Amino acid sequence: MDAACAHWIERFLTFMEAEKGAADHTIRQYSVDLNQFLAWMEEEKLADFASVSYGNIRAFLAGLHVQEYARTSVARKLSALRSLYRYLVRERVVSTNPLE
């Protein structure tokens, strides 16, 4: 996995804290959620954020259901991914958001 993905997650979390005023708890949870997604991307051999499709994200979320994650946890992870991809589009890291 390219270190650039981890770098963009860190930039996104800094943005959420500094510009959006997100709570410390939210930042910590988003960090865990997004790094979990990053690890899943590595397992799936997805090279970067631009390689991820809507189907990939559905597969990630389906895997969480199989692992019996609470619906609220899955919803928070989806929210983190939506926010991250909006940020990545705005920063022109990716050209499209697979969640829109």
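Is Trp40 buried or exposed? Trp40 is buried, because its relative accessible area is 14% and the cut-off for buried is under 20%. Keep in mind as you read that this is a predicted model. With that said, let's place Trp40 in the whole chain and then come back to its surroundings.

The protein chain has four helices and zero strands, and if you follow the sequence you meet them in the pattern α-α-α-α. The radius of gyration is 13 Å, close to the 13 Å that the globule rule gives for 100 residues, so the protein chain is as compact as a globular protein of that length. If you prefer to think in box dimensions, the C-alpha trace spans about 35 × 25 × 25 Å along its principal axes.

How much of the chain is buried? Buried residues make up 39% of the 100 residues. Contacts also reach across the sequence: among those with a separation of 6 or more, 58% join residues 24 or more positions apart. On the outside, the protein chain exposes about 6000 Å², and carbon and sulfur atoms supply 48% of that area. As for charge, there are 12 positive and 13 negative side chains, and the centres of the two sets lie 7 Å apart.

Now back to Trp40, which you will find in helix α2, residues 24-43. Leaving aside neighbours within four places in sequence, Trp40 is in contact with Leu46, Asn56, Ala59 and Phe60. One of these partners, Asn56, is 16 residues away from Trp40 along the chain, and their C-alpha atoms are separated by 9.9 Å.

Walking on from helix α2, you come to Lys45, in the loop between α2 and α3, where α3 covers residues 54-66. Lys45 has a positive phi of about 60 degrees although it is not a glycine. Lys45 counts as exposed because its relative accessibility is 72%, and the cut-off for exposed is over 50%.

Helix α3 is home to Gly55. Is Gly55 buried, exposed or partly exposed? At 41% relative accessibility, Gly55 counts as partly exposed. Gly55 also offers a nice link across the sequence: Pro98 is 43 residues apart from Gly55 along the chain, yet their C-alpha atoms are separated by 8.5 Å.

The next loop, between α3 and α4, holds Glu68. Here too the backbone is worth a look, since phi of Glu68 is near 65 degrees, a positive value in a residue other than glycine. Glu68 is exposed, with a relative accessible area of 70%.

Helix α4 comes next, and Lys77 is found in this helix, which runs over residues 71-90. Is this lysine, Lys77, buried or exposed? At 3% relative accessibility, Lys77 counts as buried. What does the Lys77 side chain meet there? It makes a polar contact with the side chain of Asp33, at 2.8 Å. Not counting residues up to four places away in sequence, Lys77 touches Asp33, Gln36, Leu64 and Tyr69.

Further along helix α4 you reach Ser83. Ser83 is buried, with a relative accessible area of 15%. Once residues up to four places away in sequence are set aside, Ser83 touches Phe12 and Tyr30.

The tour ends in the segment after α4, where Arg92 lies. Arg92 counts as exposed, because its relative accessibility is 76%. Try drawing a line from Arg92 back to Ala75: the two are 17 residues apart in sequence and 25 Å apart in space, C-alpha to C-alpha.

Technical notes. Residues are numbered from 1 along each chain as its sequence is written. This is a predicted model: local features need pLDDT of at least 70, side-chain atom pairs count only at pLDDT 80 or more; totals for chains, interfaces and linings use all residues. Side-chain values use heavy atoms; hydrogens and water are left out. Helices (H or I, at least four residues) and strands (E, at least two) are DSSP runs, numbered from the N terminus. Buried means under 20% relative accessible area, exposed over 50%, partly exposed in between (1.4 Å probe, protein chains only). A polar contact is a pair of N or O atoms within 3.5 Å; within protein, one must be able to donate a hydrogen and the other to accept it, and residues adjacent in sequence count only if both atoms are side-chain atoms. Contact means heavy atoms within 4.5 Å. The radius of gyration is taken over C-alpha atoms; the globule rule is 2.2 Å times the number of residues to the power 0.38. Accessible areas come from the Shrake-Rupley method with a 1.4 Å probe; for residues, only the protein chains shown count as cover. Lys and Arg count as positive and Asp and Glu as negative; His and the chain ends are not counted. The place of a charge is taken as NZ of Lys, CZ of Arg, CG of Asp or CD of Glu.
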